[in-house]
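Dear colleague,

I am passing on the structure below, and after it I have set out what was found there. Please read the notes with the coordinates open beside you.

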Amino acid sequence: MSLLRCPKRLFRSRAGRSTNRHGLSLLEVILSLAILGLSMGIIGRLYFLGYRSAMQTRYRSEANMIADTKMAELASGVLPLDGGGGSIDENPEWRYAVEVQQSQQPGLLLSTVTVTRSDEVIPITVSLVRFIPDPDYEPEEDEE
């Protein structure tokens, strides 16, 4: 007896009754669609989180480069030591602020460069603090 002649043998239940099942029930279709929709929602959310994280990393890296550039300009004398700030000419959505104050160590100035990008979705603020030699400092001579 071959299986081709008696296709009902493939679908026998435990009780011995034959069941002619040719498709999926409505409950199975609804359940599979619910699982598919939920998994697609989760995958979409994970995609958005990955994109946001990548953009935040990119912006933070760009802010670090701008802060380092402005600090180098401050140390070399291109930017004045009286503080200030403004926007970046090449990239106008970035703004920087420079703050210079006396430190506890004579002859050194404590300089802070803060770079911000005011984005509605991913706001970034990076500050860089360094000591810079005071160009107006004259050491006192020891008289003995």
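E73 and K70 both sit in helix α1, three residues apart, which is about one turn of the helix, and their side chains meet in a salt bridge with an N to O distance of 3.3 Å. Please keep in mind that this is a predicted model. The two partners fall into separate burial classes: E73 counts as partly exposed because its relative accessibility is 23%, whereas K70, at 13%, counts as buried because the cut-off for that class is under 20%.

The structure holds three salt bridges, and the other pairs are as follows. D68 and R130 meet through their side chains at 3.2 Å, N to O, and this pair links distant parts of the chain, since D68 belongs to helix α1 and R130 to strand β4 (residues 124–133), 62 residues apart. D68 is partly exposed, with a relative accessibility of 37%, and R130 is likewise partly exposed, with a relative accessible area of 37%. E93 forms a salt bridge with R117, the closest N and O atoms being 3.2 Å apart; here too distant parts of the chain are linked, with E93 in the loop between β1 and β2 and R117 in strand β3, 24 residues apart. Of these two, E93 is partly exposed at 37%, while R117 is buried at 13%.

Strand β3 (residues 108–117) also contains S111, which counts as buried at 0% relative accessibility. Leaving aside neighbours within four places in sequence, S111 is in contact with M71, L74, E99, V100, L128, V129, R130 and I132, and R130 in that list is the residue that pairs with D68.

On the surface, L24, V29, L33, L36, M40 and I43 make a nonpolar patch of about 620 Å². M40 is found in helix α1 (residues 26–76) and counts as exposed, at 54% relative accessibility.

As for the protein overall, its secondary structure comes to one helix and four strands, following the pattern α-β-β-β-β along the sequence. Buried residues make up 21% of the 144 residues, and the accessible surface comes to about 11,500 Å², with 56% of that belonging to carbon and sulfur atoms. Among contacts between residues at least 6 apart in sequence, 40% join residues at least 24 apart.

Regarding confidence, the average pLDDT is 85, and 84% of the residues score at least 70; among the elements, strand β1 (residues 84–87) has the lowest mean, 88, and α1 the highest, 95.

With best wishes

Methods
Residues numbered from 1 in each chain as written. Predicted model: local features only at pLDDT ≥ 70, side-chain atom pairs only at ≥ 80, totals over all residues. Heavy atoms only, no water. Patch = residues over 30% accessible without salt bridge, like charges linked within 9 Å, V, L, I, M, F, W, Y side chains within 5 Å. Areas by Shrake-Rupley, 256 points an atom, 1.4 Å probe, with all protein chains shown as cover. Salt bridge = Lys/Arg side-chain N within 4 Å of Asp/Glu carboxyl O. Helix = DSSP H or I, 4+ residues; strand = E, 2+ residues; numbered from the N terminus. Buried < 20%, exposed > 50% of the residue type's maximum accessible area, 1.4 Å probe, protein only. Contact = heavy atoms within 4.5 Å. pLDDT = per-residue confidence, 0-100.
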